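This report describes a single molecular structure, with attention to its helices, its salt bridges and its surface.

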Amino acid sequence: DNLGYDVSSIVGLPYDWRLSPDIMEKRDGFLTLTRLRIEAAVKTNKAPAVMVAHSMGNVVFRYFLEWLKHELKEEAYVRLVKRAEKRAKVKQYSQSAGGGAAAATTTGWMGIMSSGFDDVLSYFTEPENNTEEND
């Protein structure tokens, strides 16, 4: 049953735990390849990406998100943030309007971190929306 997952669509992103992410990028383009693999998986599966990191992988993934922020052109990043803010407002409104007590909201620092991940990951899940007319 594979817990409902299509195992053919799972992509592993291994890394050398002995090296820092910036060294891995210099050595073999690790961060660039990670970005390309995520983009390819989203395009192939025609579905949003779900990222799962474990142990030190969380630190590596957080570094990747910061690296990605700097890699994107400034204007593209600004558009990304605007779209994410719009989505967050819509999501917040829909949760408060229809969810009542059943709508779970994440608060504190984890809420901030997870919403930051969603903002950057939305770049991968909806690449067709990377146009200025959507802002």
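Arginine 35 has a relative accessibility of 17% and therefore counts as buried (buried is under 20% relative accessible area, exposed over 50%, and partly exposed in between, with a 1.4 Å probe and protein chains only). Its side chain meets that of glutamate 39 in a salt bridge of 3.1 Å, N to O (a side-chain nitrogen of Lys or Arg within 4 Å of a carboxyl oxygen of Asp or Glu). Glutamate 39, at 26% relative accessibility, is partly exposed. The two residues are separated by about one helical turn because they stand 4 residues apart in helix H2 (residues 30–45).

The model is a predicted one, in which local features need pLDDT of at least 70, side-chain atom pairs count only at pLDDT 80 or more, and totals for chains, interfaces and linings use all residues. Residues are numbered from 1 along each chain as its sequence is written, and side-chain values use heavy atoms, with hydrogens and water left out.

The protein chain contains 5 helices and 0 strands (DSSP runs, H or I of at least four residues for helices and E of at least two for strands, numbered from the N terminus). Of its 135 residues, 23% are buried.

The whole structure holds 6 salt bridges, including those tabulated here.

| Salt bridge | N to O distance |
|---|---|
| Aspartate 16 – arginine 18 | 2.9 Å |
| Arginine 35 – glutamate 39 | 3.1 Å |
| Arginine 62 – glutamate 66 | 3.4 Å |

Aspartate 16 is buried at 13% relative accessibility, whereas arginine 18 is exposed at 61%. Arginine 62 and glutamate 66 lie 4 residues apart in helix H3, about one turn of the helix. Both are partly exposed, arginine 62 with a relative accessible area of 34% and glutamate 66 with 29%. Elsewhere, shared partners link Asp16, Arg18, Arg27 and Asp28 into one network of salt bridges.

Helix H3 comprises 16 residues (56–71), and its end C-alpha atoms are 22 Å apart, in agreement with the 22 Å expected at 1.5 Å a residue (1.5 Å times one less than the number of residues). Its buried residues include Gly57, Phe61, Phe64 and Trp67. Viewed down the axis, the buried residues of H3 fall within an arc of 165° and so line one face of the helix; the arc is that of the directions from the helix axis to the C-beta atoms. Val59 and His70 are exposed on the other side of H3.
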